[in-house]
Amino acid sequence: MLPEVLDAMRPYFFDHFGNASSIHHHGQETRAAVERARESVAKLLGCRPAEVVFTSGGTEADNLAVFGMARPGDHVITSTVEHHAVLNSSKHLEEEGIEVTFLPVDGAGLVNPDDLRRALRPNTKLVSIMFANNETGVIQPVADIGRICAETEVYFHTDAVQAAAKVPIRVNGIACDMLSISGHKMHAPQGIGALYVRKGTPLSAMLYGGNHERSRRAGTENVAGIVGLGKAAELAMKGFEASADKQTAQLRDRLEQSILEHVDSAGVNGHGAPRVPNTTNIYFDYIEGEALVIALDLKGLAVSTGAACSSGALEPSHVLTAMGLRPDRARSSLRFSLGKQNTSEEIEFASELVKIAAGRLRELSPLYHKTAPAHS
Ligand SMILES: Cc1ncc(COP(=O)(O)O)c(C=O)c1O
């Protein structure tokens, strides 16, 4: 979290602890704070405040979009590289008898809008294609996808958890009907998020209870979290004005270049596609990604493989394999993500650590010496 975000939230744990639905003045104070935050999030997305539904995070926002829209007899289209919040929701729809098409991606991780056009059926109700991928940062052609959906009168949801506050978003520019965001990907806390729902979208609620969030999401509002999300949205807008996104991209590019310069048999996954400024995903052939994660963690650099661990067996990333990477290359890939607070010194530190750790692990790799003798 950014310190300014915590500062904005702090009074809502102690001084202003009223339930935002209460009539007394404590409630009215927190109601006003929730509505101010809604305005800030609406400004970040270019929508009306009334179109913002606060949720417990990105997963809930994605689930609300998918399950709130698809009904028996409908057809849904998504992609093979979605976050599990959409992917597993879509698989669950299949179990319920709803037909789902999972669109493939090319080597750079991009969905082809023509594939979408071809996949549309008369009963297609919803298209859910992510804005930016959480493992590679690759940005999908969401404006083209939105145009196709608008032309064919199909509802379009985009998971923008990895894009919000990193690239400017205007919901009308991409013609989406629903868009998910999450606090902890934009310097706000974990456990808060929002779903943009275009006015008039016939979305069913998933949680039943009170009439909170205009009956779209029941439950007492997480006031402090909402205030934090609003503050983070406000700071993100200021960041765009100050070209903070471009500075992050420069640091990310420097990290990439430095690693590729010093480590052979490595490359960027998703290279050539538009990407969010803070993410890079790099493969290190002949290295087990997990081993590199641990080696780097011991030295103070936290990165991830993006792979899921199921019953002790490490599965290669579904995103990278969908992009056509061999399983061993997918397993050798790491995601590096930067935040607003990262400095150029930290970039030097990170690239130096990667160079040393990758060199050490390769010294231990018989395959590296056998297969890549030029480097042994
Ligand atoms: C693209 C994407 N969608 C959805 C989520 C889920 O969001 P949350 O962790 O807030 O539930 C994440 C979280 O990493 C994500 O990266």
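A residue counts as buried here when its relative accessible area is under 20%, as exposed when that value is over 50%, and as partly exposed in between. Keep this cut-off in mind during the tour, which goes through a predicted model.

**First stop: Glu256**

Select Glu256, which you will find in helix α10. Its relative accessibility is 8%, and because that value is under 20%, Glu256 counts as buried. Now add Lys238 to the selection and look at both together: the two residues are 18 apart in sequence, while their C-alpha atoms are 27 Å apart in space.

**Second stop: the ligand**

Next, select the ligand and display the residues around it, of which there are 13, the closest being Gly58, Thr59, Asp159, Gln162 and Ser182. If you colour this shell by residue class, you will see two nonpolar, eight polar and three charged residues. Helix α4, which covers residues 58-67, gives the most to the shell, with three residues.

Three side chains deserve a separate look for their polar atoms. Begin with Thr59, where an N or O atom of the side chain is 2.6 Å from an oxygen atom of the ligand. Move on to Ser182, which has a polar side-chain atom lying 2.6 Å from an oxygen atom of the ligand. Then turn to Lys185, where the distance between a side-chain N or O atom and an oxygen atom of the ligand is 3.4 Å. How much of the ligand does the protein bury? Taken alone, the ligand exposes 390 Å², and the protein buries 86% of that area.

**Third stop: the largest pocket**

Leave the ligand and select Asn278, Ser337, Leu338, Gly339 and Asn342, which are the lining residues that lie nearest the centre of the largest pocket. The whole lining consists of 36 residues, and the pocket has a volume of about 780 Å³. To see which elements form its walls, highlight helices α9 (223-241), α10 (244-262) and α14 (344-363) together with strand β12 (333-337), since these are the elements that give two or more residues to the lining. Coloured by class, the lining of this pocket divides into 18 nonpolar, 12 polar and six charged residues.

**Fourth stop: Ser317**

Now select Ser317, which lies in the loop between β11 (313-314) and α12 (318-322). Is this residue buried or exposed? Ser317 is buried, because its relative accessible area is 3% and the cut-off for a buried residue is under 20%. Show the side chains here, and you can follow a polar contact of 2.6 Å from the side chain of Ser317 to the side chain of Glu135. The side chain of Ser317 also reaches the backbone nitrogen of Val319, at 3.1 Å.

**Last stop: two residues with positive phi**

Finish with the backbone, selecting Glu213 in helix α8, which covers residues 212-215. The phi angle of Glu213 is near 50°, a positive value in a residue other than glycine. Glu213 is buried, with a relative accessible area of 7%.

Then go to Ser265, in the loop between α10 and β8 (266-268). Its phi angle is likewise positive, near 50°, in a residue other than glycine. Ser265 counts as partly exposed, because its relative accessibility of 24% falls between the 20% and 50% limits.

Note on methods
Residues numbered from 1 in each chain as written. Predicted model: local features only at pLDDT ≥ 70, side-chain atom pairs only at ≥ 80, totals over all residues. Heavy atoms only, no water. Near = heavy atom within 4 Å. Polar contact = N/O pair within 3.5 Å; in protein donor to acceptor, adjacent residues only side chain to side chain. Areas by Shrake-Rupley, 256 points an atom, 1.4 Å probe, with all protein chains shown as cover. Helix = DSSP H or I, 4+ residues; strand = E, 2+ residues; numbered from the N terminus. Nonpolar A, V, L, I, M, F, W, Y, C, P; charged D, E, K, R; others polar. 1 Å grid on protein atoms, 1.4 Å probe; cavity = no way out; pocket = protein on both sides within 12 Å on 5 of 7 lines; lining within 4 Å. Points joined across faces, edges and corners; volume = space filled by probe spheres on them. Buried < 20%, exposed > 50% of the residue type's maximum accessible area, 1.4 Å probe, protein only.
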